[in-house]
Amino acid sequence: MTNPEQLIADFEARMAESRRKAELMVNEIEAVTVSERSRDGQIGVEVDHAGNLVGLKIGMSVRDKPDLAEEILRTVKAAQSKLATAVQAGVAHPVGPEVMNELVSRLERQFPAPEPAGFAAPPAPSADDGTRFVPEAERGLPPSPKPPRPARPAAEEGHDDDYFGDGDYLR
């Protein structure tokens, strides 16, 4: 039988080492930045480890372009899409391969590669494409409101306007 005090001391030492490695990994991740330039080189951006824009340089010749904002966003997205690779390369002391794989896959999902220039993204499918011919009750939607019934004209005094009131149902 082993000494319980020694087991606790070993456990605390392993926890302290894991904590040290995790802090080292966090510091390495937080130091990662990615820089990217637009196709014409006139726009430069820098994003941090979380994909936040931390630097922006705009050349004088493109400041009056009508599509300047779109070009900046396209360049930012291109930089963000490189974050997963940059984090993988920039972290020398990962806590474990599972942690690194999860981190990289999250970054890849969060910041996918941008659409190539000149191509438009396909339109998003409408929400009711697959349920176009399904009754509203089955889709979980409230039924459409029914139009109000027209008011019946007021019956003359002494004249019953019901269908069978005067005994003739074939009118």
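Here is a friendly talk between a trainee and a mentor about the structure above.

Mentor: Before we start, this is a predicted model, in which local features need pLDDT of at least 70, side-chain atom pairs count only at pLDDT 80 or more, and totals for chains, interfaces and linings use all residues. Residues are numbered from 1 along each chain as its sequence is written, and side-chain values use heavy atoms, with hydrogens and water left out.

Trainee: What pattern of helices and strands does the protein chain follow along the sequence?
Mentor: Helices (H or I, at least four residues) and strands (E, at least two) are DSSP runs, numbered from the N terminus. The protein chain has five helices and three strands. Read along the sequence, they give the pattern α-β-β-β-α-α-α-α.

Trainee: What share of the residues of the protein chain count as buried?
Mentor: Buried means under 20% relative accessible area, exposed over 50%, and partly exposed in between, with a 1.4 Å probe and protein chains only. The protein chain has 171 residues. The share of them that count as buried is 19%.

Trainee: In what order do the three strands form the open sheet?
Mentor: Two strands pair if DSSP finds at least two bridges between them. β1 and β2 pair in the antiparallel sense over five bridges, and five bridges also join β2 (residues 43–48) to β3, again antiparallel. The order in the open sheet is therefore β1-β2-β3.

Trainee: Which strands stand at the edges of this sheet?
Mentor: Look for a strand with a single partner, because one side of such a strand is left without a neighbour in the sheet. The strands at the edges are β1 (33–37) and β3 (53–58).

Trainee: Which residue of β3 is the bridge partner of valine 45?
Mentor: Let's follow the pairs across the sheet. Glutamate 36 stands opposite valine 45 in β2. Glycine 44 has lysine 57 as its bridge partner in β3. For valine 45, the partner in β3 is leucine 56.

Trainee: Which glycine takes a positive phi in the turn between β2 and β3?
Mentor: The hairpin of β1 and β2 has five residues between the strands, and there glycine 41 takes a positive phi near 80 degrees. The hairpin of β2 and β3 has four residues between them. In that turn, the residue with a positive phi of about 85 degrees is glycine 51.

Trainee: Which residues make up the covered face of β1?
Mentor: Start with the uncovered face, which holds Thr33, Ser35 and Arg37. The covered face of β1 is made up of Val34 and Glu36.

Trainee: Is threonine 75 buried or exposed?
Mentor: Threonine 75 lies in helix α2. Contact means heavy atoms within 4.5 Å, and, not counting residues up to four places away in sequence, threonine 75 touches Glu36, Arg37, Ser38, Ile43 and Val45. With a relative accessible area of 3%, threonine 75 is buried.

Trainee: What is the relative accessible area of leucine 53?
Mentor: Leucine 53 is found in strand β3. Leaving aside neighbours within four places in sequence, leucine 53 is in contact with Val45, Glu46, Val47 and Val76. Leucine 53 is partly exposed, with a relative accessible area of 41%.

Trainee: How far apart are the end C-alpha atoms of helix α4?
Mentor: The expected span of a helix is 1.5 Å times one less than its number of residues. Helix α4 (residues 97–110) has 14 residues, so it should span 20 Å. The model agrees, as the end C-alpha atoms of α4 are apart by 20 Å.

Trainee: What arc around the axis do the buried residues of α4 cover?
Mentor: An α-helix has 3.6 residues a turn, so residues three or four places apart point the same way. The buried residues of α4 are Met100, Val104 and Leu107. The arc, taken from the directions from the helix axis to the C-beta atoms, puts them on the same side of α4, as it is only 65 degrees.

Trainee: Which exposed residues does the face of α4 turned away from its buried side carry?
Mentor: On the buried side, the cover includes α1 (4–30) and α3 (83–90). The face turned away from that side carries the exposed residues Glu98, Arg106, Arg109 and Gln110.

Trainee: Which residues of α1 are buried?
Mentor: What covers the buried residues of α1 includes α3 and α4. Those buried residues of α1 are Met25, Glu28 and Ile29.
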